[in-house]
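Work through the exercises below with the structure in view. Try each task before reading its solution.

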Amino acid sequence: MLKRLLLSTLIVAGPLLACAATTANPASPEGAPDDYFHTGAGARYLRRADADLVVQPLRDNISVLMGSGGNITVLSGREGKFLVDAGISKSQEKLRIALEKIGPAPPKFVVNTHWHWDHTDGNAGMHAAGATIVAQENTFRHLTKTSHVNAWNWTFDPVPEAARPTLLVKERKTFDFAGTLVEVENFGRGHTDGDLWVYFRKADVLALGDTFWNGFYPYIDNEDGGSIDGAIKWANKAVARTTAHTIVVPGHGAVGTRTQLIEFRDMLVTVRNNVAALKEQGKSLDEIIAARPTAAFDAKWGNFVFNGDQFTKMVFAGL
Ligand SMILES: [Zn+2]
């Protein structure tokens, strides 16, 4: 009965919550507004959500779900599921089916790694299915106010009551769940001002949210407390926490290793230093972009949401 009730809630909520999707028409940008949901990353994630989710089992009852916004990490136990990030509501029904295939217990906790839409839009659906939403205090602040992001040309309304985090973390909180210790931690400003990483100790799996994009230039939310130096600090923390045995889950991109995390950190450091050196010479942003400080990295890292010029702009804005 409960299950049927939840199912109907999810089915009813799905199309309503996904209405932003139907207005986006990224395939024909002519005349379409240049914003997050038409030409930006949001449009990309909405398009991706048309296809099937990919479920990748990792270790010790931990899996990753890909294809609903940012990557979703799932620890499944008899007492329920512990999720890292909520995906997007457009995939709600696909998420429900994928989660049920992993195990019958409902979601119990969902940690938002930060406030961005592609990691939190699924909060209401997860909450309706039984989950407590966990977030850093600043993520709560962003989700409960009107947030305009200039870089995305988009204003996000406060999320509805049912989508709001109710268990807030300042610096650290641990959970004893499904036979393992789960460590949820913040290290100050990074990708935003409210990032959390989630470390599943027994399985040695570290879910980093958007403080790690595996093989791609990351977004850095300079307008909301993020910066290149914050991103480097978080990458250094993650490198220090991991070993060759650790499975490292990025916010975007394939499940990775410590070696890939180190490559990411080194890319961030080199680009930062290249841009900073040009800035110290008194060069303008346009001159710095023209000098191509990311040239050595573009072929490998510039093939997802951001190319080298766009990443240079983000790095510059944070210095
Ligand atoms: Zn993000």
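Two residues are in contact if their C-beta atoms, placed from the backbone, lie within 7 Å. The model used here is predicted.

**Exercise 1. Contacts of Val198**

Task: Find which residues Val198 is in contact with, leaving aside its neighbours within four places in sequence.

Solution:
- Step 1. Apply the 7 Å cut-off between C-beta atoms.
- Step 2. With those neighbours left out, the partners of Val198 are Thr73, Val84, Val111, Val182, Val184 and Ala207.
- Step 3. Place Val198 in the nonpolar interior: the largest nonpolar core has 79 residues, and Val198 is listed with Leu83, Val110 and Leu206 as having the most contacts inside it. Helix H9 gives the most to this core, with seven residues.

**Exercise 2. Strand E4 and its partners**

Task: Describe how strand E4 is paired on either hand, and state whether E4 is enclosed or open.

Solution:
- Step 1. Start with E3 (residues 72-77): this strand runs antiparallel to E4, and five bridges join the two. In this pairing Ser76 is opposite Lys81. The link from E3 to E4 is a hairpin of two residues.
- Step 2. Go on to E5 (residues 107-111): E4 and E5 run parallel, with four bridges between them. Here Lys81 has Pro107 as its bridge partner. From E4 to E5 the chain passes through helix H4 (residues 92-102), in a right-handed β-α-β crossover.
- Step 3. Check burial: five of the five residues of E4 (residues 80-84) are buried, so E4 is largely enclosed by the rest of the structure.

**Exercise 3. Leu99 in the crossover helix**

Task: Decide whether Leu99 is buried or exposed, and list what Leu99 touches.

Solution:
- Step 1. Locate the residue: Leu99 is part of helix H4.
- Step 2. Count: 24 other C-beta atoms lie within 10 Å of Leu99. The cut-off for a buried residue is 20 or more, so Leu99 is buried.
- Step 3. Not counting residues up to four places away in sequence, Leu99 touches Val74, Lys81 and Pro107. Lys81 and Pro107 are the bridge partners named in Exercise 2.
- Step 4. Compare with a distant residue: from Leu99 to Trp301 there are 202 residues in sequence and 31 Å in space, C-alpha to C-alpha.

**Exercise 4. Two loop residues with positive phi**

Task: For Asn61 and Asp204, state the location, the phi angle and the degree of burial.

Solution:
- Step 1. Asn61 sits in the loop between strands E1 (54-59) and E2 (62-66). Its phi is positive, about 65 degrees, although Asn61 is not a glycine. With 21 other C-beta atoms within 10 Å, Asn61 is buried.
- Step 2. Asp204 sits in the loop between strands E12 (197-200) and E13 (205-207). Its phi is also positive, about 60 degrees, and Asp204 is not a glycine. With 18 other C-beta atoms within 10 Å, Asp204 is partly exposed.

**Exercise 5. The whole chain**

Task: Judge whether the radius of gyration agrees with a compact globule, and where the prediction has low confidence.

Solution:
- Step 1. For 319 residues, a compact globule would have a radius of gyration near 20 Å; the chain has 19 Å, which agrees.
- Step 2. Of these residues, 48% count as buried. The chain has 12 helices and 14 strands.
- Step 3. The average pLDDT is 92, and 91% of the residues score at least 70. Over residues 1-28 the pLDDT is below 50.

Key:
Residues numbered from 1 in each chain as written. Predicted model: local features only at pLDDT ≥ 70, side-chain atom pairs only at ≥ 80, totals over all residues. Buried ≥ 20, exposed ≤ 12 C-beta atoms within 10 Å, placed from the backbone. Pairing = 2+ DSSP bridges. Right-handed = clockwise from strand over helix to strand, strands pointing away. Core = buried A, V, L, I, M, F, W, Y, C linked by C-beta atoms within 7 Å. Rg over C-alpha atoms; globule rule 2.2 N^0.38 Å. pLDDT = per-residue confidence, 0-100.
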